[in-house]
Amino acid sequence: MTTYHTVLWVSAHPEPRSLNGSLRHAGIQHLLQAGHQVIESDLYSMGWNPVLSDDGLIPPGDRFRVTDDTRQAYVEGRLPADVEREQQKILAADVVVVQFPLWWYGLPAILKGWFDRVFLSGFAFGKDPGTGRRLRFENGPFVDKRALVVTTLGDRPASIGPRGKSGELTELLFGLLHGTFAYTGMSALEPFAVPSADFTDPDSYQSQEQELLRRLDGMFQEQAIPYRPQFQGDYTDQWELEPHICPGESGLSIHRTAAATTAADRPPNGSVRDGRTVAACAAPPRHAIQRS
């Protein structure tokens with residue numbers, strides 16, 4: 001039996017006729033034709049305000065305590081209407097697709113501002129008011145959701161590989177994949193990237209579009225990036241990897257387990273090259289420790 005899903009597609013590109021815009025249109029139409037529901041947040045066309053401010057949440061002249069005041073406003077239902085609408089979209093979604101051009105190795109400002117204003121304490125992270133348990137990673141509020149990055153960039157394909165000058169793709173996007181998606185409980189999928197985007201011609205576009213559609217078909221089942229859970233014994237109370245795990249090693253890849261380490265285990269257009277992986281070690285069996 002076919003299962004239909006709700007997909008939130010968040011896009012951040014100022015030109016709908018761009019490569020990004022074309023891929024967005026093709027992807028959304030493909031999902032709709034397959035029977036899925038698509039909720040859209042086209043930030044430029046929405047005129048999204050990316051600037052996090054007190055938004056009238058506190059009395060004039062009071063000090064703005066960003067985390068505390070926005071959390072209190074969320075709890076009391078006093079957030080700006082545009083923020084509340086985006087939060088409701090996230091809650092309704094099974095999968096969140098975030099699409100953007102990689103500018104200066106980061107997110108466009110309008111998209112960064114979407115995360116700043118929407119992923120607030122109390123909604124996307126924080127503590128359980130009853131138990132005090134930290135709501136992040138495997139305890140995060142969005143553990144039932146998946147997230148897929150769709151991005152275009154000017155670098156050559158090899159430059160975002162394991163030995164590339166620009167950094168391996170999942171490490172280049174570590175802040176988003178691990179620090180935002182996984183942090184809030186989402187299962188972060190290997191990103192879909194179109195390198196050498198400025199040199200895309202009709203033939204290469206068709207190839208990339210078909211690859212994107214294949215990824216969209218598989219994103220409901222494919223294995224997520226195997227980031228380590230925080231509260232099951234891999235980390236100290238200072239959130240540092242335990243010394244017996246990957247001893248002597250450092251870098252971002254140690255925060256992934258050795259699961260799904262071959263090219264055959266990963267989706268196409270992922271970060272593995274020549275059957276190798278950026279995650280080289282796995283934690284030995286150890287009794288799980290639940291930390292707050």
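1. Helices and strands here are DSSP runs, at least four residues for a helix (H or I) and at least two for a strand (E), numbered from the N terminus. Counted that way, the protein chain has eight helices and eight strands. Keep in mind as you look around that this is a predicted model.

2. Some overall numbers first. The chain has 292 residues, and 50% of them are buried. Its accessible surface comes to about 14400 Å², with 51% of that belonging to carbon and sulfur atoms. Among contacts with a separation of 6 or more, 74% are between residues 24 or more positions apart.

3. Helix 4 is a good place to start. Does its length add up, and what should it be? Helix 4 covers residues 81-92, and at 1.5 Å a residue its twelve residues should span 16 Å; the end C-alpha atoms are 17 Å apart, which agrees. The buried residues of helix 4 are Asp82, Val83, Glu86, Gln87, Lys89 and Ile90. Because these cover an arc of only 155 degrees around the axis, they sit on the same side of helix 4. Arg85 and Gln88 are exposed, on the face turned away from that buried side.

4. What covers the buried side of helix 4? The cover includes strand 1 (6-11) and strand 2 (37-42), along with helix 2 (43-46), helix 3 (66-76) and helix 5 (109-118).

5. Now compare helix 7, residues 174-182. Seven of its nine residues are buried, so helix 7 is largely enclosed by the rest of the structure. The buried ones are Phe174, Leu176, Leu177, His178, Thr180, Phe181 and Ala182. They pack against strand 3, helix 5, strand 6 (146-152), helix 6 (169-172) and strand 7.

6. Just along the chain, have a look at Met186, in the loop between helix 7 and strand 7. Is Met186 buried or exposed? Its relative accessibility is 4%, and the cut-off for buried is under 20%, so Met186 counts as buried. Setting aside neighbours within four places in sequence, Met186 is in contact with Val96, Phe119, Phe142, Lys145, Ala147 and Phe181. One of these, Phe181, is also on the list of buried residues of helix 7. As for Ala224, it is 38 residues from Met186 along the chain, and the two C-alpha atoms are separated by 9.4 Å.

7. On the surface, find Tyr44, Trp103 and Trp104. These three form a nonpolar patch, with about 430 Å² of accessible area together. Trp104 lies in the loop between strand 3 (95-101) and helix 5. Its relative accessible area is 83%, so Trp104 is exposed.

8. On to charged pairs: how many salt bridges does the whole structure hold? The search finds 14. One of them joins the side chains of Glu190 and Arg256, at 3.3 Å from N to O. That pair links distant parts of the chain, 66 residues apart: Glu190 is in the loop between strand 7 (187-188) and strand 8 (192-194), while Arg256 is in the segment after helix 8 (202-218). Both Glu190 and Arg256 are buried.

9. A second salt bridge stays inside one helix. Glu211 and Arg214 meet through their side chains at 2.7 Å, N to O. Both lie in helix 8, three residues apart, about one turn of the helix. An α-helix has 3.6 residues a turn, so residues three or four places apart point the same way. The two partners do differ in cover: Glu211 is buried, with a relative accessible area of 15%, whereas Arg214 is partly exposed, at 47%.

10. Two more sets of charged residues are worth a look. The side chains of Arg228 and Asp234 meet in a salt bridge of 3.2 Å, N to O, and both residues are buried. Elsewhere, Arg24, Glu40 and Asp42 are joined into one network by salt bridges that share partners.

11. Finally, two backbone details to check. Ser196, in the loop between strand 8 and helix 8, has a phi near 50 degrees, a positive value in a residue other than glycine. Cys246 also has a positive phi, about 50 degrees, although it is not a glycine. Cys246 is found in the segment after helix 8 and is buried, with a relative accessible area of 5%.

How values were computed. Residues are numbered from 1 along each chain as its sequence is written. This is a predicted model: local features need pLDDT of at least 70, side-chain atom pairs count only at pLDDT 80 or more; totals for chains, interfaces and linings use all residues. Side-chain values use heavy atoms; hydrogens and water are left out. The expected span of a helix is 1.5 Å times one less than its number of residues. Buried means under 20% relative accessible area, exposed over 50%, partly exposed in between (1.4 Å probe, protein chains only). The arc is that of the directions from the helix axis to the C-beta atoms. Contact means heavy atoms within 4.5 Å. Patches are made of residues with over 30% relative accessible area and no salt bridge: like charges are joined within 9 Å, nonpolar side chains (Val, Leu, Ile, Met, Phe, Trp, Tyr) within 5 Å. Accessible areas come from the Shrake-Rupley method with a 1.4 Å probe; for residues, only the protein chains shown count as cover. A salt bridge is a side-chain nitrogen of Lys or Arg within 4 Å of a carboxyl oxygen of Asp or Glu.
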